[in-house]
Amino acid sequence: MKLDINGILREIDAPPDMPLLWVLRDLAGLPGTKFGCGMAVCGACTVHLDGRPVRACILPVSAVGGRKVTTIEGISSDASHPVQRAWVEADVVQCGYCQSGQIMTAVALLERKPNPSDADIDAAMSGNVCRCGTYVRVREAIHLASRLVRQGRR
């Protein structure tokens, strides 16, 4: 099957029921998307499917069809996306395991709502679990990324 991953059309030989997460990590060589709970509960495996956040750990690759998959590797080639820069500036990361999923959810939020409130952020990010408890800094980084985008500092 052919998959559009990060803007590159790739021929993938995978069983139709293989979760997208393993296709990305093991077959496409994109290890940025993490395995967390395996039940779509923690958000560590979040990627975008046509710009909307989905949990790759439970999504069979056959369900992707001709839609575009974007991983953490696909939002920028040099970590210069405003959300990634804000993450660094706000010093969000502790252990870092959940961060790619957090960032992908934040990017989708800002695409949908460029100037989110605290309540918008809390609602959007509620499905992403961080065992280090960086939620306050996640919220700070999303507000910062929002300002960067509005100021045209993409």
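Q: Why is F35 called partly exposed rather than buried or exposed?
A: In this predicted model, F35 has a relative accessibility of 34%, and since buried means under 20% and exposed means over 50%, with partly exposed in between, F35 counts as partly exposed.

Q: What makes W22 and F35 an aromatic pair, and why is the pair called tilted?
A: The ring centres of W22 and F35 are 5.4 Å apart, which satisfies the requirement that paired centres lie within 6.5 Å. The planes of the two rings stand at 35°, and because planes under 30 degrees apart count as stacked and those over 60 as edge-to-face, the pair is tilted. By this rule the count comes to one aromatic pair.

Q: Where in the chain do the two partners W22 and F35 lie?
A: W22 belongs to helix α1 (residues 20-27), whereas F35 sits in the loop between α1 and β3 (46-49), so that the pair links distant parts of the chain, 13 residues apart. W22, at 27% relative accessibility, counts as partly exposed.

Q: How do you know that T33 is buried, and what does T33 touch?
A: The relative accessible area of T33 is 1%, and because buried means under 20%, T33 is classed as buried. T33 is placed in the loop between α1 and β3, and, leaving aside neighbours within four places in sequence, its contacts include L21, L24 and R25 as well as A44, C45, T46 and V47. T71, I72 and S100 are also in contact with T33.

Q: What makes A14 buried, and which residues surround it in contact?
A: With a relative accessible area of 12%, A14 falls under the 20% limit and is therefore buried. A14 lies in the loop between β2 (8-11) and α1, and, not counting residues up to four places away in sequence, A14 touches M1, V23, L27 and V61. For one of these, L27, the C-alpha atom is separated from that of A14 by 8.1 Å, with the two positions 13 residues apart along the chain counted as their separation.

Q: Why is S77 called exposed?
A: S77 has a relative accessibility of 79%, and because exposed means over 50%, S77 counts as exposed. S77 is found in the loop between β5 (68-70) and α2, and its C-alpha atom is 17 Å from that of R25, the two residues being 52 apart in sequence.

Q: Why are α2 and α5 called oblique to each other?
A: Helix α2 (residues 82-89) and helix α5 (residues 135-150) pack at an angle of about 130°, with axes 8 Å apart; because roughly perpendicular covers 65 to 115 degrees and roughly antiparallel begins over 145, α2 and α5 are oblique. Their crossing is right-handed. P82, V83, R85, A86, W87 and E89 of α2 meet V138, A141, I142, L144, A145, L148 and V149 of α5, and by class this contact has eleven nonpolar, no polar and two charged residues.

Q: What makes α3 and α5 oblique?
A: The axes of helix α3 (residues 99-112) and α5 cross at roughly 40° and come within 11 Å, and because angles under 35 degrees count as roughly parallel while roughly perpendicular covers 65 to 115, α3 and α5 are oblique to each other. This crossing is right-handed. Q102, A106, L109 and L110 of α3 make the contact with V138, I142, A145 and S146 of α5, a contact with six nonpolar, two polar and no charged residues.

Methods. Residues are numbered from 1 along each chain as its sequence is written. This is a predicted model: local features need pLDDT of at least 70, side-chain atom pairs count only at pLDDT 80 or more; totals for chains, interfaces and linings use all residues. Side-chain values use heavy atoms; hydrogens and water are left out. Axes are lines fitted to C-alpha atoms, for helices over the stretch in contact, and angles run from 0 to 180 degrees between N-to-C directions. Helices (H or I, at least four residues) and strands (E, at least two) are DSSP runs, numbered from the N terminus. A crossing is left-handed if the near helix is turned anticlockwise from the far one by less than a right angle, and right-handed if clockwise. Contact means heavy atoms within 4.5 Å. Ala, Val, Leu, Ile, Met, Phe, Trp, Tyr, Cys and Pro count as nonpolar, Asp, Glu, Lys and Arg as charged, and the others, Gly among them, as polar. Rings of Phe, Tyr and Trp (its six-membered ring) pair if their centres lie within 6.5 Å; planes under 30 degrees apart count as stacked, over 60 as edge-to-face and the rest as tilted. Buried means under 20% relative accessible area, exposed over 50%, partly exposed in between (1.4 Å probe, protein chains only).
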